[in-house]
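Here are my notes for anyone opening this one for the first time. Have a look at the structure, then read the points in order.

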Amino acid sequence: MNYRTCIALLLFAAAGPALAHNELPTIAACGGHRPVYLGTFNYAEKGLREYKICLRREAGNPWLRDAGGGGNLPPVCRVNAISITMVACPAQVCGEFDDDYRTARALALAACTAYVGAGTQYPEGGLVVPVFDGPATFLDANHHAIYELADGVSGVCALCPDEGS
């Protein structure tokens, strides 16, 4: 299993309760570990719509549903002419991206995950956390009802290093 798959699984395991309660991840997900700033993400409507189309197209992909097992390569989506490798999703939400909010979260996670793993500055991995800073509709408690892809999404990517890193 490659680093990106491990990181995605760790994030989904750690974020499982947050996903169930619609809470956004925060730096608190790092626990006692000092987070490392990886970079930013900022997607306008066009990029988010491209990703949503790709998610729908790949929704039945077994690689996504079995958390990257089976030896197949993960699907890649083109977003703003840049290749974004998708991350595995838990079966209960895989393919459920009609909700604009979930689409934006999935793209942010995939974008942030690209900062770690083999061939990057952080090959040892760790928990990757997209920390959202906007727009207000995305951060609102009623985000599933009021957030639209036209609003865009932005934030920073953080890495919670493994213990001993």
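1. Start at one spot on a strand pair: L127 stands opposite C160 in β5. Keep in mind as you look that this is a predicted model.

2. L127 belongs to strand β4, which covers residues 127–134. How does β4 run relative to β5? The two are antiparallel, and seven bridges join them. A general reminder for tracing side chains here: in a regular strand they alternate between the two faces of the sheet.

3. Is β4 mostly covered or mostly open? Mostly covered, with seven of its eight residues buried. For the protein as a whole, buried residues account for 45% of the 165 residues.

4. Stay with β5 (residues 153–160) for a moment, since C157 sits in this strand. C157 forms a disulfide with C112, the S to S distance being 2.0 Å. C112 is found in helix α4 (residues 100–113), so the bond ties together parts that are 45 residues apart in sequence. Both cysteines, C112 and C157, are buried.

5. Why call the C112 and C157 link left-handed? Because the torsion about its S-S bond is about -70°.

6. How many disulfides does a search of the whole structure find? Two. The other pair to look up is C54 and C77, with S to S at 1.8 Å. C54 is in helix α2 (residues 45–58) and C77 is in strand β2 (residues 76–79), so to speak distant parts of the chain, 23 residues apart. The C54 and C77 link is left-handed, with -80° about the S-S bond. Here too, C54 and C77 are both buried. In case the term is new to you, a disulfide is a covalent bond between the sulfur atoms of two cysteines.

7. Now zoom out to the overall layout. The protein has six helices and five strands. Reading along the sequence, you meet them in the pattern α-β-α-α-β-β-α-β-α-α-β.

8. What share of the contacts between residues at least 6 apart in sequence joins residues at least 24 apart? The figure is 73% for this protein.

9. Last, the outside. The protein exposes about 8200 Å², and carbon and sulfur atoms supply 55% of that area.

10. If you only have a minute, go back to β5: this strand holds C157, the disulfide partner of C112 in helix α4, and β5 is also joined to β4 by seven bridges.

How values were computed. Residues numbered from 1 in each chain as written. Predicted model: local features only at pLDDT ≥ 70, side-chain atom pairs only at ≥ 80, totals over all residues. Heavy atoms only, no water. Helix = DSSP H or I, 4+ residues; strand = E, 2+ residues; numbered from the N terminus. Buried < 20%, exposed > 50% of the residue type's maximum accessible area, 1.4 Å probe, protein only. Contact = heavy atoms within 4.5 Å. Areas by Shrake-Rupley, 256 points an atom, 1.4 Å probe, with all protein chains shown as cover. Disulfide = S-S within 2.5 Å. Pairing = 2+ DSSP bridges.
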